[in-house]
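Here's a quick walk through how the pieces of this protein fit together. Have a look at the sequence and the fold, then read on for the contacts.

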Number of protein chains: 2
Amino acid sequence: MIYLDNAATTLHKPPQVIEAVAEAMRSSGNPARGAHGSSLQASRTVYGARAKIAALFHCPRPDHVVFTSNVTEALNTAINGLIRPGDHVITTDLEHNSVLRPLYRLAAERDVALDFVPADRRGNLDYAMFSQLMRPNTRAIVCTHASNLTGNLVDLRQVSAAARAGGALLIVDAAQTAGCLPIDMEALGIDVLCFTGHKGLMGPQGTGGLCVRAGVEIAPLKVGGTGVQSYSPTQPAEYPTRLEAGTLNAHGIAGLSAAVDYLNEIGIPAIHEKETALMRRFLRGVRDIPGVTVYGDFSGDRAAIVALNIRDYDSGEVSDALAQDYGIATRPGAHCAPRMHRALGTEQQGAVRFSFSWYNTEAETDQAIRAVRELAEE
Amino acid sequence: MIYLDNAATTLHKPPQVIEAVAEAMRSSGNPARGAHGSSLQASRTVYGARAKIAALFHCPRPDHVVFTSNVTEALNTAINGLIRPGDHVITTDLEHNSVLRPLYRLAAERDVALDFVPADRRGNLDYAMFSQLMRPNTRAIVCTHASNLTGNLVDLRQVSAAARAGGALLIVDAAQTAGCLPIDMEALGIDVLCFTGHKGLMGPQGTGGLCVRAGVEIAPLKVGGTGVQSYSPTQPAEYPTRLEAGTLNAHGIAGLSAAVDYLNEIGIPAIHEKETALMRRFLRGVRDIPGVTVYGDFSGDRAAIVALNIRDYDSGEVSDALAQDYGIATRPGAHCAPRMHRALGTEQQGAVRFSFSWYNTEAETDQAIRAVRELAEE
């Protein structure tokens with residue numbers, strides 16, 4: 001199978017990631033729940049992973065790296081833990097339901113006001129709007145780093161400047177970019193960076209988290225046992241314990257830690273360069289095929305995603321044909337990004353998304369181009 | 001190392017569990033996020049795990065088995081998703097902070113009233129209290145199946161009868177019993193059964209969940225992408241999607257599925273019998289050693305846990321000595337069960353917990369007895 005659904009989850013994990021998980025399952029106890037060897041080993045693995053993630057994203061304090069089960073949990077934690085009744089929030093048409101649904105719920109239940117920076121037909125934002133929409137009670141801008149549908153990047157420097165000028169927090173969804181291109185949360189002025197482990201970071205499912213700028217006080221989404229301060233009726237206030245109730249997925253985190261080692265060995269810029277080259281090769285091959293419509297803006301730096309449709313064919317049927325007749329895995333349909341589909345005019349048809357990873361090859365890319373051409377000629 | 005900290009996490013996993021996780025990491029896509037082979041394979045694995053968990057706990061509907069990252073998340077989901085402002089809740093002194101802290105938070109922030117069924121010095125409950133504490137606005141009884149400190153079982157039949165008579169829901173924390181002894185949620189009248197994957201079920205960390213009786217409507221703790229109904233601004237109402245936002249830990253769930261197969265091969269009653277025999281062997285060996293105090297009630301069926309102290313020695317120092325001088329892993333301190341320590345009178349000293357699993361042996365148990373004897377003679 002040619003796997004081009006890496007924006008959903010990377011299928012090919014480095015062998016050392018799988019081995020690290022297996023080894024943790026053979027030897028790791030419960031982190032922070034004892035002082036015997038296997039428990040201490042688990043604690044060291046988890047702390048090591050925090051330090052590596054902190055270094056990767058330029059989070060100044062490793063103890064402000066909090067682990068969650070995925071980026072959706074990270075976003076729910078940040079959004080629900082920071083935004084209060086009566087607050088105003090600015091977000092964008094590019095967002096995934098992991099941002100939209102928590103915000104819609106706060107709007108419906110907690111008197112939170114929302115404004116959206118609209119996307120144009122190519123999926124681009126008008127950055128001046130962030131400042132124009134700012135109000136005295138704007139608590140946060142919640143913004144993706146790249147559209148999971150088109151791959152368009154958001155210029156976080158401009159968003160960050162608007163947030164800072166307006167006294168608002170900047171919460172970033174890095175689901176599509178963590179591990180795929182360099183992210184410096186200090187330089188970019190990000191207050192909370194939410195990431196997932198199983199996509200670009202090439203780690204196991206069940207991992208993810210948030211990097212929190214010191215001084216940003218997030219109320220916990222869930223509370224419970226922490227192995228420390230057992231007699232306190234409330235969750236400890238210190239990060240990371242503050243947001244980590246219950247036993248961590250130390251098995252998965254061991255894999256994530258090995259994945260970050262692997263990424264650092266290659267270097268994120270090299271990964272980004274290769275993925276970009278494959279994505280652009282694919283784009284060149286398909287964009288002029290009669291009947292093919294490609295969505296998004298390819299003029300600048302971006303994530304390695306190409307979303308397209310063939311004539312008025314249902315995107316689900318095209319994706320099925322790619323899987324069954326060509327052995328090519330893609331994702332069709334609505335991609336949990338309803339506002340983006342409305343902006344692109346693909347609400348009914350959905351779109352077929354091709355997303356590339358470090359493990360893909362030029363030969364696979366060329367086979368995908370041929371498949372699109374043949375389907376367009378039918 | 002002799003690992004007797006199985007109530008924190010089971011260190012020894014069946015080899016097929018580790019292999020199932022590794023195989024899923026080699027071949028599984030994102031469940032419910034596409035129709036290509038690897039995504040469908042992940043979906044089938046997850047559905048298979050739901051069906052096995054449903055059968056194990058006698059949950060009538062596999063689609064009402066919801067996966068979470070651990071039992072703490074399951075309990076937070078059930079408690080926050082069912083208990084409303086103005087409600088009254090009955091719980092017990094046996095509870096872990098994973099039950100206490102969510103309830104304390106609701107009491108502090110959402111006008112929820114709490115009552116506790118007290119434990120006596122042996123850690124036993126007076127079951128008549130459940131009915132006596134019942135009020136017209138009692139929404140739920142939240143109750144552990146076994147104390148994580150003493151191993152005392154709670155008679156869920158009596159608790160369930162009180163809940164039913166009072167029109168309250170019964171939410172059960174099975175952290176210490178799932179996989180260790182048979183649980184029939186239908187026969188016991190449990191409305192929500194919360195379990196973790198990495199303890200008695202011998203599965204990977206990062207797995208757990210809740211089994212929900214049909215008709216019990218839990219509001220989601222987190223919302224986001226689901227791969228279905230992308231254009232709905234709210235989380236889909238159907239179980240399990242209702243409570244499962246974001247990409248599931250399909251790698252871990254594959255391991256949990258293999259773990260349940262392993263448990264079924266041996267049979268839960270056989271596991272319970274062996275663990276009980278080891279626990280009672282240990283008890284017989286230590287209870288009459290001068291200076292040793294054992295906590296809890298051993299007159300009936302129970303979880304395979306023995307908590308003790310030696311003279312007035314700090315439990316942390318005893319546990320350290322066991323680890324360093326004897327290679328025996330136990331857990332000391334407060335065990336995230338503050339009210340239970342108060343009931344037992346061990347608030348200052350904590351307790352050293354020995355907890356047994358299917359993989360322990362009589363020889364290991366005898367070594368632990370000798371170690372306790374030697375430490376008590378010092």
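## Where the two chains meet

Put chain B and chain A together and about 5,700 Å² gets buried between them, with carbon and sulfur atoms giving 56% of it. Bear in mind that this is a predicted model. Chain B brings 75 residues to the contact, and chain A brings 75 residues too.

What sort of residues are on chain B's side? By class, the side of chain B that touches chain A has 34 polar, 29 nonpolar and 12 charged residues.

## Polar links between the chains

Between chain B and chain A there are 37 residue pairs in polar contact, counting pairs with both residues at pLDDT 80 or more. Salt bridges across this interface come to 2. If you want to find a salt bridge on screen, go to A:Lys222 and B:Glu73, where the closest N and O atoms are 3.0 Å apart.

Which helices of chain B supply at least two residues each to the side that touches chain A? They are helix H1 (15–27), helix H3 (71–82), helix H4 (97–109), helix H8 (250–266), helix H10 (315–326) and helix H11 (338–344) of chain B. H1(B) gives the most, with 7 residues.

## Two domains inside chain A

Now for chain A on its own. It splits into domain 1, made of 2–10 + 268–377, and domain 2, covering 15–266. Taken over C-alpha atoms, the centres of these two domains of chain A are 27 Å apart.

The two domains touch through 34 residues of domain 1 of chain A and 37 residues of domain 2 of chain A. Together they bury about 3,100 Å², and 57% of that comes from carbon and sulfur atoms. A:Ile268, A:Arg339 and A:Met340 supply 24% of the area that domain 1 of chain A buries against domain 2 of chain A, more than any other three residues.

## What links the domains

Across the interface of domain 1 and domain 2 of chain A you'll find 2 salt bridges. As for a salt bridge to look up, the side chains of A:Arg122 and A:Asp297 meet at 3.1 Å, N to O. The domain interface also has 20 residue pairs in polar contact, both residues being at pLDDT 80 or more.

On the domain 1 side, helix H9 (268–286), strand E10 (305–310) and helix H11 (338–344) of chain A are the elements that give two or more residues to the surface touching domain 2. That side of domain 1 of chain A divides into 20 nonpolar, 8 polar and 6 charged residues.

How values were computed: Residues are numbered from 1 along each chain as its sequence is written. Chains are lettered from A and ligands numbered from 1 in the order in which they are written. This is a predicted model: local features need pLDDT of at least 70, side-chain atom pairs count only at pLDDT 80 or more; totals for chains, interfaces and linings use all residues. Side-chain values use heavy atoms; hydrogens and water are left out. Domain bounds come from an automatic or database domain assignment. Contact means heavy atoms within 4.5 Å. Buried area is the accessible area (1.4 Å probe) that two parts lose on being put together, summed over both. A salt bridge is a side-chain nitrogen of Lys or Arg within 4 Å of a carboxyl oxygen of Asp or Glu. A polar contact is a pair of N or O atoms within 3.5 Å; within protein, one must be able to donate a hydrogen and the other to accept it, and residues adjacent in sequence count only if both atoms are side-chain atoms. Helices (H or I, at least four residues) and strands (E, at least two) are DSSP runs, numbered from the N terminus. Ala, Val, Leu, Ile, Met, Phe, Trp, Tyr, Cys and Pro count as nonpolar, Asp, Glu, Lys and Arg as charged, and the others, Gly among them, as polar.
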